[in-house]
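Got your viewer open and a selection box ready? Here's a walk through the chain, one stop at a time.

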Amino acid sequence: MVNTLGVFLVLLNILGVFTYYPDGSSDGKFLYGKFPDDFIWSSATSSYQIEGAWDVDGKGESIWDRFVHTSGKVYNNDTGDVACESYYNYKTDVQLLKELGVSHYRFSVSWPRVLPNGTINDINEKGITYYNNLIDELLANDIKPMLTLYHWDLPQKLEDHGGWLNETTNDHFNDYARLCFQRFGDRVSLWITFNEPWIIVRHGYGYGIFAPGYSDAPGTKTYIAGHNLLKAHAKAWHTYDDEFRATQKGTIGITLNTGWSEPRNASIPSDVEAAERAMQFDFGWFAHPIYYGDYPDVMKWQVGNKSEAQNLTESRLPKFTPAEIESIKGTSDFMGLNFYGAGLTFNDDNNPVGPPGYDNDKATAGAIDPAWPVSGSDWLKVTPFGMRSVLNWIYTTYPNPPIYVTENGVSDRPSSKENGISDEARTFYYRHYIDEMLKAIKLDGVNVVGYTAWSLMDNFEWASGYRERFGLHWVDYDSPNKTRTAKDSAKAYSKIIADNGFIDEPVSTTPVSGVASTTVSLFGIGLTILFFTLQLFRMTR
Ligand code: PNW
């Protein structure tokens with residue numbers, strides 16, 4: 001009997017059926033308990049996605065202004081020209097934050113709003129005043145600013161000179177960063193240099209679906225832009241460290257995004273290897289230089305070998321000089337992590353030579369489990385277990401940095417405001433991802449110091465326009481004041497913050513999506529029993 005069951009379970013395991021639990025958790029349980037007393041709760045937005053007022057009060061044009069004004073780049077040709085008009089409604093936004101009960105607000109400064117042509121030669125005082133007012137309003141309401149310097153809206157004037165493909169942009173970024181430290185640093189003590197360099201270079205310089213919209217046929221631009229971003233980050237970190245830290249006593253880091261790459265089948269070594277390679281290409285690309293000075297070995301190896309096979313005389317992955325390695329190493333006081341979901345990863349080296357570029361260099365492919373609840377975004381599946389996995393991976397791969405989750409959240413595409421506000425799927429998402437983060441802290445010892453919900457309100461979702469909504473608050477784009485209304489998830493998030501975790505009470509752990517809830521209700525109990533048996537079987541093997 002045990003043998004038959006054992007063989008059956010091994011077969012299922014070979015098929016890759018069970019690598020996580022049917023409820024999407026890492027261990028089939030919901031953990032009750034509290035976060036550390038000084039845990040930071042926050043919510044986030046970014047300048048281009050919410051401010052509107054794109055050409056008001058002396059603001060310069062950004063690459064996103066240029067991109068959205070080019071027909072066919074964004075769903076429905078939506079633009080951020082008006083967006084949520086937070087340029088005018090920032091006091092309302094601060095009240096939303098207060099109502100949520102967060103201690104911090106993560107927002108970004110629009111570089112061309114304060115430096116219209118990108119350089120320090122022309123400072124737009126009206127732009128500075130806007131951010132001063134926002135910061136003062138936050139502090140008056142007991143909310144601390146977490147300021148991102150670059151959330152993708154590069155001044156178009158700098159793009160005209162090559163943007164992130166031209167290393168002189170790094171110096172302009174450093175001037176801009178210094179200006180922000182000078183003008184805001186008396187009241188801001190948490191700084192993020194760049195939001196998601198991976199998205200900037202893959203979507204902006206590789207796939208061409210984000211500004212400035214390059215499609216990288218030779219497979220070089222992506223790496224060059226990434227190289228410059230790393231150097232620009234290090235430069236700004238040193239400027240803060242050398243000139244401001246002693247007096248302002250703040251901390252400064254970077255925010256990186258990654259999915260969680262779960263091996264498609266944990267018992268196939270090439271799947272396990274591919275999943276680790278994917279993590280190194282996605283997260284390690286930027287994290288490894290910051291912690292260890294240089295790109296991950298697997299990246300240098302893959303890009304080098306492929307470049308050689310492509311008859312190139314040198315690797316498409318640029319090299320840091322020894323001096324650069326020294327100056328990049330150690331330049332993040334904390335790790336900012338944007339995490340949304342997991343995927344199933346396997347080896348894919350069908351085209352050993354080309355086409356040249358990041359995807360071919362990485363040589364992995366992805367799949368999803370059809371049981372995972374979907375979201376309003378194709379790339380995002382509801383996979384809470386991934387949160388615990390990615391936090392543990394960072395914990396073991398790098399020297400245990402303090403981690404701020406600087407973004408986490410989920411989208412939907414509701415057909416009406418009424419449906420949009422009754423967002424049980426979002427509440428499910430937040431409760432379960434936050435619970436997996438609690439497990440990483442309490443059960444695994446990962447040093448997570450803060451959590452940030454993306455986003456405070458519905459906003460301009462880049463190439464997807466206004467169709468995908470990520471907000472805790474509904475925005476009525478048609479109303480004159482862009483009225484914000486709390487969704488049910490805002491109340492649920494507030495309660496988690498007020499309780500500083502989860503106090504023991506019966507809650508539903510059933511996902512909302514049709515597919516998953518059917519799976520869970522029909523098979524959930526059976527699968528859970530099977531899974532425990534499998535674990536027992538593995539332990540006694
Ligand atoms: C992040 N992906 O972008 C950004 O920081 C936000 O501005 C954005 O609104 C939010 O996540 C939701 O998309 C991402 O394709 C964009 O994996 C795309 C991906 C991940 C993050």
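Start by selecting asparagine 500: is it buried or exposed? Bear in mind as you look that this is a predicted model. Asparagine 500 turns out to be buried, because its relative accessible area is 13%, and the cut-off for buried is under 20%. You'll find asparagine 500 in the loop between α19 (488-499) and β15 (501-502). Now show what touches it: leaving aside neighbours within four places in sequence, asparagine 500 is in contact with Gly33, Lys34, Phe35, Pro36, Asp37, Phe39 and Trp41.

Zoom out for a moment and colour by secondary structure. The chain has 20 helices and 15 strands. Of its 541 residues, 60% are buried. Take the contacts with a separation of 6 or more: residues 24 or more positions apart account for 78% of them.

**Stop two: β12**

Select residues 448-454, which form strand β12. Six of the seven residues here are buried, so β12 is largely enclosed by the rest of the structure. Next, add residues 40-44, strand β2, which pairs with β12 in the parallel sense over five bridges. To see the register, pick out serine 42, which stands opposite threonine 452 in β12. Then bring in β11, residues 403-407: three bridges join β11 to β12, and these two run parallel as well. Here the pair to label is valine 405 and tyrosine 451, with the tyrosine on the β12 side.

**Stop three: an open sheet**

Hide that and show β7, β9 and β10. They make an open sheet of three strands in the order β7-β9-β10, with mixed pairing. Why does one side of β7 and of β10 lack a neighbour in the sheet? β7 (260-263) and β10 (364-367) stand at the edges with a single partner strand each, so one side of each is left without a neighbour in the sheet. Turn the view to follow the twist, which averages 45 degrees from one strand to the next. Strand β9, residues 342-347, pairs with β10 in the antiparallel sense over four bridges. For a landmark, take phenylalanine 346, which stands opposite alanine 365 in β10.

**Stop four: the helices on that sheet**

Keep the sheet on screen and add residues 269-292, helix α12, which lies across β7, β9 and β10 and runs at about 120 degrees to β9. Then add α16, residues 385-397, lying across β7 and β9 at about 100 degrees to β7.

Now look at the two helices against each other. α12 and α16 pack at an angle of about 45 degrees, with their axes 12 Å apart. They are therefore oblique to each other, and their crossing is right-handed. Show side chains for the contact: Glu276, Met279, Gln280, Phe283 and Tyr292 come from α12, and Val390, Trp393, Ile394 and Thr397 from α16. By class, that contact has six nonpolar residues, two polar and one charged.

**Last stop: α6 and α8**

Finish with residues 125-140 (helix α6) and 168-184 (helix α8), which pack at an angle of about 50 degrees with their axes 11 Å apart. That makes α6 oblique to α8. The crossing of α6 and α8 is right-handed. On the α6 side, select Glu125, Ile128, Tyr131, Asn132 and Ile135, which meet Leu179, Arg183 and Phe184 in α8. This contact of α6 with α8 has five nonpolar residues, one polar and two charged.

How values were computed:
Residues numbered from 1 in each chain as written. Predicted model: local features only at pLDDT ≥ 70, side-chain atom pairs only at ≥ 80, totals over all residues. Heavy atoms only, no water. Pairing = 2+ DSSP bridges. Axes fitted to C-alpha atoms, helices over the stretch in contact; angles between N-to-C directions. Contact = heavy atoms within 4.5 Å. Parallel < 35°, antiparallel > 145°, perpendicular 65-115°, else oblique. Left-handed = near helix turned anticlockwise from the far one by under 90°. Nonpolar A, V, L, I, M, F, W, Y, C, P; charged D, E, K, R; others polar. Buried < 20%, exposed > 50% of the residue type's maximum accessible area, 1.4 Å probe, protein only.
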